[in-house]
Amino acid sequence: MSNTKAYRSTKSWLYSILFLTFLTLNFNTVSAQDVEVGQKLFKQNCATCHRIDDKKLTGPGLAGVEERVPSKEWLYEWIKDSPGKIASGDAYANKIFNEYKKSAMSQFQFLSNEDIDNILHYINNPPPHHHLKMEMKLLVRRRKITQYYGLLFYSLFLQ
Ligand code: HEC
């Protein structure tokens, strides 16, 4: 009798683990995709002048840029047409333009707001974190569930 009970509770325990795995996996897949799209766009268009940490190249390091600039809308406008933003007399645009000795940033009118969101997503999720997620996906594919939970714990609580 009690054997059946124990069996049932083990079974429901297993189901809840499976369910949690499914949830976290789904979550990881969606954001990993955006990060990858953003990374590609960044490498093609921005990496010659910008890093995603706080070190300067031709332009400022872009870590934490969303908190520095006036608004999200400002970022869209700046990235699509920075000379236009400077010419409009915008205070922040002119401040950074002068700080960087008036070196001009290219215009990216072909980028959509969604493209820019993906680039920002990549900037906000620098590679170590991203690699961790990929590694977790691999572990699940290889059914190394214990290690997967170890890494999940690490990424949730120790970062
Ligand atoms: C040719 C070099 C160059 C390229 C390519 C370039 N930038 Fe810039 N960027 C600059 C410079 C220089 C500045 C500083 C302002 C100025 O001088 O116009 C800047 C400033 C910025 C700022 C404001 C940063 C801050 O700290 O407020 C953002 C955001 C930005 N760039 C995003 C991008 C993105 C996204 C891309 C790619 C789609 C890109 N840049 C491509 C040169 C570049």
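Helices (H or I, at least four residues) and strands (E, at least two) are DSSP runs, numbered from the N terminus. The structure described here is a predicted model, in which local features need pLDDT of at least 70 and side-chain atom pairs count only at pLDDT 80 or more, while totals for chains, interfaces and linings use all residues. Residues are numbered from 1 along each chain as its sequence is written.

## Fold and confidence

The protein chain contains eight helices and zero strands, and its pattern along the sequence reads α-α-α-α-α-α-α-α. Of the 159 residues in the protein chain, 12% are buried; a residue is buried if 20 or more other C-beta atoms lie within 10 Å of its own, exposed if 12 or fewer, and partly exposed in between, with C-beta atoms placed from the backbone. Two residues are in contact if their C-beta atoms, placed from the backbone, lie within 7 Å. Among contacts in the protein chain between residues at least 6 apart in sequence, those that join residues at least 24 apart make up 57%.

Confidence is expressed as pLDDT, the predictor's confidence in each residue, from 0 to 100. The average pLDDT of the protein chain is 85, and 87% of the residues score at least 70. Helix H7 (residues 127-141) has the lowest confidence in the protein chain, with a mean of 72, whereas H3 has the highest, at 98.

## The shell around the ligand

The ligand is surrounded by 25 residues, of which Cys46, Cys49, Gly59, Tyr100 and Met105 are the closest. A residue is near a molecule or strand if its C-beta atom, placed from the backbone, lies within 6 Å of it. Two or more residues of the shell come from each of helix H2 (65-68), helix H3 (72-80) and helix H5 (91-99). H3 gives the largest share, three residues.

By residue type, the shell comprises 16 nonpolar, eight polar and one charged. In this division Ala, Val, Leu, Ile, Met, Phe, Trp, Tyr, Cys and Pro count as nonpolar, Asp, Glu, Lys and Arg as charged, and the others, Gly among them, as polar.

## The loop between H5 and H6

Lysine 101 is located in the loop between H5 and helix H6 (113-124), and lysine 102 lies in the loop between H5 and H6 as well. Most residues other than glycine have a negative phi. Lysine 101, although not a glycine, has a positive phi of about 50 degrees, and lysine 102, also not a glycine, has a positive phi of about 55 degrees. Lysine 101 counts as exposed because it has 6 C-beta neighbours inside 10 Å. Lysine 102 has 9 other C-beta atoms within 10 Å and is therefore exposed.

Phenylalanine 108 is also placed in the loop between H5 and H6. This residue has 17 C-beta neighbours inside 10 Å, so phenylalanine 108 counts as partly exposed. Leaving aside neighbours within four places in sequence, the contacts of phenylalanine 108 are Asn45, Ile79 and Lys80.

## Helix H6

H6 consists of twelve residues and reaches 16 Å from its first C-alpha to its last, close to the 16 Å expected at 1.5 Å a residue; the expected span is 1.5 Å times one less than the number of residues. Asn118, Ile119, Tyr122 and Ile123 are buried in H6. Seen down the axis of H6, the buried residues fall within an arc of 145 degrees, so they line one face of the helix. The arc is that of the directions from the helix axis to the C-beta atoms.

## Pairs separated in sequence

Proline 127 lies in helix H7 and counts as exposed because it has 12 C-beta neighbours inside 10 Å. Glutamate 135 also lies in helix H7; with 14 C-beta neighbours inside 10 Å, glutamate 135 counts as partly exposed. Glycine 64 is placed in the loop between helix H1 (2-45) and H2, and its 12 C-beta neighbours inside 10 Å are why glycine 64 counts as exposed. The table gives C-alpha separations for these residues and for phenylalanine 108.

| Residue | Partner | Separation along the chain | C-alpha separation |
|---|---|---|---|
| Phenylalanine 108 | Asparagine 45 | 63 residues | 8.3 Å |
| Proline 127 | Glutamine 39 | 88 residues | 9.3 Å |
| Glutamate 135 | Leucine 151 | 16 residues | 8.6 Å |
| Glycine 64 | Aspartate 54 | ten residues | 8.1 Å |
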